[in-house]
Amino acid sequence: MAADLFAGSQRLQMTESIELTVQSLLAYAHDHDHWGMAWSGGKDSSATVTLICWLIDTGKIPAPMSFTVFYADTRMELTPLAIAALQIMDELRDRGIEVHVVRAPLDKRFFVYILGRGVPPPNNNTLRWCTRQIKIDPMGEAVACKLDEIERNHNGGPDLDGAAAPKPFLMITGVRQGESAMRDRRIEMSCSKDGAECGQGWYQKTLPEAKGVRGRIATLAPLLHWRVCHVWEWLKHWAPQPQFGDWSTAMIADAYGGDEAEEINARTGCIGCPLAAKDMALDTILHNPSWAYLAPLKGLKPLYRELRMARNRLRQPGGERRQDGTLAKNQQRMGPLTFPARLMGLDRVLTIQAEVNAAAVRLGRPRLDLLDAKEEARIRELIAAKTWPDGWDGDEPTADTPLPAYFADGTIQHLLV
């Protein structure tokens, strides 16, 4: 039946989508005593976590022994989504749900890593470091700690001597079929694994990439079959009603464009994401008069482009060799940000934040927490300590300095500018 519902142009109604979610949870979740949810604060994961809580509260699915929600706080979320996440976390805790706020260590947070350590902003071609560092690795470590805690409690319990090993941890995700072409291909590739019905693909024993959890969890995507219109309907109209949980999810739908969200189809990520050609999510928010005061955030993408320019970075002078003595392939590569560039970037970020917050105070709107006092202090501390990324000592020339160009055979051909 499920395969037929995915085929062709047949559209599921909202109640049918919810019922299929219930079926998937009843079919698979009973094999797991402990559940976790990786929650980004975006539309799909927010719909998933609030729906599951409502299904548990109403007895439509049995409650697990524990349900832990891991909120991925990248410190770079769009302001409306960050505010909605704080409200939903309070509502989860009021229900007795354990919530962990997962952040990268201070020195690996986005702005600290760039402006303090000097690593250039990420790009899609050569240096896409951000997603793993500020989201995937911290989430993997947090989940691994939870797994360790469950296993310790199981093995050390007073009545569990000789008991069988605990059931695998179930990690629930908000992945949906149709969210993007790339995700669709990944789902299609995995839907026949582990005995899953082709075209269904809800439940997978395949393992996430994050360190510390490999071999210890299974995953379930109970909203895999939902259409995006159902996600908006749940967030905007169903979930905020008392009979469906009285959740603070309407702001999430508004952040994506409100009633026009499905037509806009904006993907959200970090504010001013340097990997996106156009910041559609921020543009969408700024069209809402109540959030228009966030307009100075449009200055982040130009700042990232400026920081990547040669005049703001160092360059290896040439002749760099591998451990075996041969010349490195990428001769005279551009590297970290100079200290003046870092201080310029820090001043620009703080100015953007100050402009937004001045308007927020004047209008009685929420303030922006883009760079807090602890992060600013750490950036200045790293600069004062003359911190460079591994492999750089600061004696290298700036990247706009003319240099003789090295080739792989060691010959010098012309001046590199």
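**Exercise 1. State the accessible surface of the protein and the share of it that belongs to carbon and sulfur atoms.**

Solution. In this predicted model, the accessible surface of the protein comes to about 20000 Å². Carbon and sulfur atoms account for 52% of that surface. Turning from the surface to the interior, buried residues make up 50% of the 417 residues.

**Exercise 2. Describe the secondary structure and the sequence separation of the contacts in the protein.**

Solution. The secondary structure consists of 14 helices and 10 strands. Among contacts with a separation of 6 or more, 69% join residues that lie 24 or more positions apart.

**Exercise 3. Decide which stretches of the model call for caution, starting from the pLDDT of the protein.**

Solution. The average pLDDT is 83, and 77% of the residues score at least 70. Over residues 1–10, however, pLDDT stays under 50, and the model has 17 contacts beyond four places in sequence for this stretch. Residues 179–201 also have a pLDDT below 50, with 38 contacts in the model beyond near neighbours in sequence. Where pLDDT is low, the predicted coordinates should not be read in detail.

**Exercise 4. Place Asp254 in its helix, and determine whether Asp254 is buried, partly exposed or exposed.**

Solution. Asp254 belongs to helix H9, which covers residues 250–255. Its relative accessibility is 30%, and because partly exposed residues fall between the cut-offs of 20% and 50%, Asp254 counts as partly exposed. The side chain of Asp254 makes a polar contact with the side chain of Lys236, at 2.5 Å. Finally, Asn288 is 34 residues from Asp254 in sequence, while their C-alpha atoms are 8.5 Å apart in space.

Terms used
Residues are numbered from 1 along each chain as its sequence is written. This is a predicted model: local features need pLDDT of at least 70, side-chain atom pairs count only at pLDDT 80 or more; totals for chains, interfaces and linings use all residues. Side-chain values use heavy atoms; hydrogens and water are left out. pLDDT is the predictor's confidence in each residue, from 0 to 100. Contact means heavy atoms within 4.5 Å. Helices (H or I, at least four residues) and strands (E, at least two) are DSSP runs, numbered from the N terminus. Buried means under 20% relative accessible area, exposed over 50%, partly exposed in between (1.4 Å probe, protein chains only). A polar contact is a pair of N or O atoms within 3.5 Å; within protein, one must be able to donate a hydrogen and the other to accept it, and residues adjacent in sequence count only if both atoms are side-chain atoms. Accessible areas come from the Shrake-Rupley method with a 1.4 Å probe; for residues, only the protein chains shown count as cover.
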